Amino acid sequence: RMDDMLHALLLRSGNDAAVAIAEHIAGTEAEFARIMNARAAELGAQHSRFVNAHGLDKPGHYSTAYDLAMLARAALLYPAFQEIVAKRTYEYEGATWQNTNRLLWRYEGAEGIKTGTTSRAGDCLVAAVSQEGMQLISVVLGSTDRWRDSTALLDWGFANFHRIALAERGDVLARFPLEGGLSQVVAVVDRPIALIVRDADVDSVTAELNIDPGVRAPIRKGQRVGTFDIYVNGEKAKSVTLTARESVVRRT
């Protein structure tokens with residue numbers, strides 16, 4: 001089953017599983033590599049090129065720590081991937097497969113992601129850890145001790161960055177009169193708003209409400225009415241859409 005193949009791939013680094021999956025999806029490994037390159041470019045991995053499905057050394061096959069972090073972040077959005085890479089073991093036909101990622105046993109909150117070892121790349125590890133509502137991704141390449149190096153990076157990240165909760169889903173961020181409306185617009189956010197910042201930048205976080213120009217009655221419930229913009233050291237870090245909590249009818 002594909003589910004078993006993915007466990008073989010992501011827990012046991014099954015290169016044979018990688019090729020089989022690639023051929024099943026794209027017909028050939030070369031075509032699968034072409035699809036990989038196109039998708040990587042869409043996700044912002046601009047300094048990567050793949051020529052095979054398993055990652056073993058081959059001329060013209062390369063990536064960077066930054067690109068691998070970008071790809072890992074995108075992969076974790078898929079529940080199946082997230083679930084598999086976090087497993088320590090998997091039972092298959094009477095055998096127990098153990099995850100090659102020792103960090104799952106060694107670091108509190110570890111959630112994956114993947115080891116990698118080749119003669120040219122050395123020992124590599126992409127790791128994800130969640131603590132106190134914040135998930136960090138670390139990447140080490142060509143390491144002499146990938147467990148120690150990853151632990152040091154993650155410790156540094158949790159010591160120097162923190163998650164600031166700015167609003168919860170449904171929080172009212174603005175009330176304002178509406179030209180031609182019988183009542184005020186109550187502007188809310190439809191998802192929690194949080195920001196991860198360096199400890200040194202916590203006091204430099206500011207926010208600004210921007211109401212869309214030209215908003216007129218009538219307004220439908222859930223309609224966009226503006227944005228909630230968050231800045232760190234004067235630079236915009238995030239922009240969240242504001243919507244109307246309820247409809248506003250037009251004055252006749």
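At what angle do helix H1 (residues 2-12) and helix H2 (residues 15-26) pack, and how many Å apart are their axes? In this predicted model, the angle is about 140 degrees and the axes are 9 Å apart. The points below cover this helix pair, the burial of H1, the surroundings of alanine 45, and the largest nonpolar core, which has 21 residues.

**Packing of H1 and H2**

- With angles over 145 degrees counted as roughly antiparallel and 65 to 115 as roughly perpendicular, the angle of about 140 degrees makes H1 oblique to H2.
- The crossing of H1 past H2 is left-handed.
- On the H1 side, the contact is made by Met2, Met5, Leu6, Ala8 and Leu9.
- On the H2 side, Ala17, Ala18, Ala20, Ile21 and His24 make the contact.
- By class, the residues of this contact are nine nonpolar, one polar and no charged.

**Burial and end of H1**

- The buried residues in H1 are Asp4, His7, Ala8, Leu10 and Leu11.
- Besides H2, the buried residues of H1 pack against helix H5 (79-85), strand S1 (89-92), strand S2 (95-98) and strand S3 (110-118).
- Ala8 is buried and also takes part in the contact with H2.
- Serine 13 follows H1 and has a positive phi, near 55 degrees.

**Alanine 45**

- Alanine 45 sits in the loop that lies between helix H3 (29-42) and helix H4 (65-75).
- Its relative accessible area is 4%; the cut-off for buried is under 20%, so alanine 45 counts as buried.
- Leaving out residues up to four places away in sequence, alanine 45 touches Ala40, Asp67 and Leu71.
- Methionine 70 is 25 residues from alanine 45 in sequence, while the C-alpha to C-alpha separation is 6.6 Å.

**Largest nonpolar core**

- Within the 21-residue core, the residues with the most contacts are Phe176, Leu178, Val185, Ile193, Ile219 and Val225.
- Two or more residues each come from strand S7 (172-176), strand S8 (185-188), strand S9 (193-198), strand S11 (224-232) and strand S12 (235-244).
- S11 gives four residues, the largest share of this core.
- Apart from neighbours within four places in sequence, phenylalanine 176 contacts Gln184, Val185, Ala187, Ile211 and Val225.
- Val185 and Val225 thus appear among the contacts of phenylalanine 176 and among the core residues with the most contacts.
- As general background, nonpolar side chains tend to be buried together in soluble globular proteins.

Note on methods
Residues are numbered from 1 along each chain as its sequence is written. This is a predicted model: local features need pLDDT of at least 70, side-chain atom pairs count only at pLDDT 80 or more; totals for chains, interfaces and linings use all residues. Side-chain values use heavy atoms; hydrogens and water are left out. A nonpolar core is a set of buried Ala, Val, Leu, Ile, Met, Phe, Trp, Tyr and Cys residues joined through side-chain atoms within 4.5 Å. Buried means under 20% relative accessible area, exposed over 50%, partly exposed in between (1.4 Å probe, protein chains only). Contact means heavy atoms within 4.5 Å. Axes are lines fitted to C-alpha atoms, for helices over the stretch in contact, and angles run from 0 to 180 degrees between N-to-C directions. Angles under 35 degrees count as roughly parallel, over 145 as roughly antiparallel, 65 to 115 as roughly perpendicular and the rest as oblique. A crossing is left-handed if the near helix is turned anticlockwise from the far one by less than a right angle, and right-handed if clockwise. Ala, Val, Leu, Ile, Met, Phe, Trp, Tyr, Cys and Pro count as nonpolar, Asp, Glu, Lys and Arg as charged, and the others, Gly among them, as polar.
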